[in-house]
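Colleague: I have a model open and want to go through it with you. Can we take it point by point?

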Amino acid sequence: MRDNKEIKPLRYEDYKKGKDGNVKQGIYLVIMFNDGSSVVADETYKYVFDNVDGDVKKSDNMMETDYYIDGNNQLSFTRDYGNNLIKTDLAPEMVKETLNFYRDISLQNGSWFISKNELVPIAYFYGKEPKLKISNDNGFSWIEKSFDISSNEMYKDITHRIVGFTDQNFGYVALGTEWTMGSGEIKKAYLTTNGGKDWKFMELPEICTNKTLIDFIMYDENNGIVLLNNVNEKNFPFMYVTSNKGKDWTKIEYAYKVIEEASYISNIDSLDKEDNQFIMVLSQGDSSTLKIKLKSTDLINWTYDSSFTSSIHLVG
């Protein structure tokens, strides 16, 4: 099917040799229509489009920035829909141990981070007592960090793990436990300004209450948002914001602005700023492709902007 010649099949060997036309390297899209019969017969229509420049989405099961665990429990990351995989140095048995701890076949939502920008660190938590792996050179080398929230301090599992970076220097981490009547819960946050080499403690609101950690995000060193468990309305966690690095937190109302669009909220996907307005995208994690966009000039008073669908991580 080259050079507008008569349509006829080519063996792969003949195609490579350039039979019936010049071979130009690239990826081509071919669409064929027929009458719907299970047996292609009679008249068919085939269209061949020019080769595609740039990256091509490899699989509907991969987001542009995503992770992948193969059948041998090898953990990798990608910045281009899986066309190129960035391998980690985590032993397969530790990948399996981490998944067993999560009681899942996927990494915990929020416990890993990769950006489209190669200068921004890749990071992920692993293990029962969470350790953070960080790469500042696109996966060539990895450093490991631990935090002072440990089983020695609270004798319970650290089930909530969140990590993110806004650029090659600034990043944030939040860790927390479940709540029990006898011992309450603990949640802590940490910030880095040197790409994850050093971390400083940051206060979170409602410590030692039944408001356990759900999600956490920072726009910069001062401005951030946290979602905490709402025992009375599990579909819409409590939301608190800070503009002074956690010294003060303000509880805000947001649920009534999105309740007609979403049946529940479980994640803060992003926190950006455009034209002096903060833009927050809320989601339902990996359970739904629905996203809700809100806008604010002060992090406190939010207005509904729009809803849309976008990719989520799928196992496979």
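Colleague: What share of the 316 residues of the protein counts as buried?

Modeller: Keep in mind that this is a predicted model. A residue counts as buried under 20% relative accessible area. Of the 316 residues, the share that passes is 43%.

Colleague: How much of the accessible surface belongs to carbon and sulfur atoms?

Modeller: The accessible surface of the protein comes to about 17700 Å². The part that belongs to carbon and sulfur atoms is 46%.

Colleague: How many helices and strands are there in the protein?

Modeller: The contacts give some context. Among those between residues at least 6 apart in sequence, 42% join residues at least 24 apart. The element count is 4 helices and 21 strands.

Colleague: Which residues touch the most other members of the largest nonpolar core?

Modeller: Nonpolar side chains tend to be buried together in soluble globular proteins. Here the largest nonpolar core has 38 residues. A second, separate core of 32 residues includes M63, Y67, L90 and W112. In the largest core, those that touch the most other members are F216, I225, I265, M280, L282 and W302.

Colleague: Which residues does W302 touch, not counting those up to four places away in sequence?

Modeller: W302 is one of the core residues that touch the most other members. Its contacts include the lysines K257 and K295. The full list is I225, I252, K257, L271, F278, I279, M280, L294, K295 and S296.

Colleague: Is S296 buried or exposed?

Modeller: S296 lies in strand 20, residues 290-296. Its relative accessible area is 2%. The cut-off for buried is under 20%. So S296 is buried.

Colleague: Which side chain makes a polar contact with the side chain of S296?

Modeller: Start with the surroundings. S296 touches Q277, F278, N301 and W302, not counting residues up to four places away in sequence. A polar atom of its side chain also lies 2.8 Å from the backbone nitrogen of L299. The side-chain partner, at 3.0 Å, is D298.

Colleague: Which residue takes a positive phi in the hairpin of strand 20 and strand 21?

Modeller: Strand 20 and strand 21 (residues 303-309) pair in the antiparallel sense over 6 bridges. K295 stands opposite T303 in strand 21. The hairpin has 6 residues between the strands. The residue with a positive phi, near 75°, is L299.

Colleague: Why do the buried residues of helix 2 lie on the same side?

Modeller: Helix 2 covers residues 92-102, and V95, T98, L99, F101 and Y102 are buried there. The face turned away from the buried side carries the exposed residues E93 and N100. The buried residues are on the same side because their arc around the axis is only 155°.

Colleague: Which strands do the buried residues of helix 2 pack against?

Modeller: Just after helix 2, R103 takes a positive phi of about 55°. The buried side of the helix has four partners listed by residue range. They are strand 3 (66-69), strand 4 (75-78), strand 7 (122-126) and strand 10 (160-165).

Colleague: Which are the edge strands of the open sheet in the order 3-4-5?

Modeller: This sheet has 3 strands, and the pairing is antiparallel. Strand 4 joins strand 5 through 2 bridges. F77 has I86 in strand 5 as its bridge partner. Each edge strand pairs on one side only: these are strand 3 and strand 5.

Colleague: Is N73 buried or partly exposed?

Modeller: N73 is found in the loop between strand 3 and strand 4. Its phi is near 60°, a positive value in a residue other than glycine. Relative accessibility is 23%. So N73 counts as partly exposed.

Colleague: What is the relative accessibility of K245?

Modeller: K245 lies in the loop between strand 16 (238-242) and strand 17 (250-252). Its phi is positive, near 60°. K245 counts as partly exposed, at 37%.

Colleague: How far apart are Y190 and K200 in space, C-alpha to C-alpha?

Modeller: Y190 lies in strand 12, residues 187-192. Y190 is buried, with a relative accessible area of 4%. In sequence, Y190 and K200 are 10 residues apart. In space, the C-alpha distance is 5.2 Å.

Methods:
Residues are numbered from 1 along each chain as its sequence is written. This is a predicted model: local features need pLDDT of at least 70, side-chain atom pairs count only at pLDDT 80 or more; totals for chains, interfaces and linings use all residues. Side-chain values use heavy atoms; hydrogens and water are left out. A nonpolar core is a set of buried Ala, Val, Leu, Ile, Met, Phe, Trp, Tyr and Cys residues joined through side-chain atoms within 4.5 Å. Buried means under 20% relative accessible area, exposed over 50%, partly exposed in between (1.4 Å probe, protein chains only). Contact means heavy atoms within 4.5 Å. Helices (H or I, at least four residues) and strands (E, at least two) are DSSP runs, numbered from the N terminus. The arc is that of the directions from the helix axis to the C-beta atoms. A polar contact is a pair of N or O atoms within 3.5 Å; within protein, one must be able to donate a hydrogen and the other to accept it, and residues adjacent in sequence count only if both atoms are side-chain atoms. Two strands pair if DSSP finds at least two bridges between them. Accessible areas come from the Shrake-Rupley method with a 1.4 Å probe; for residues, only the protein chains shown count as cover.
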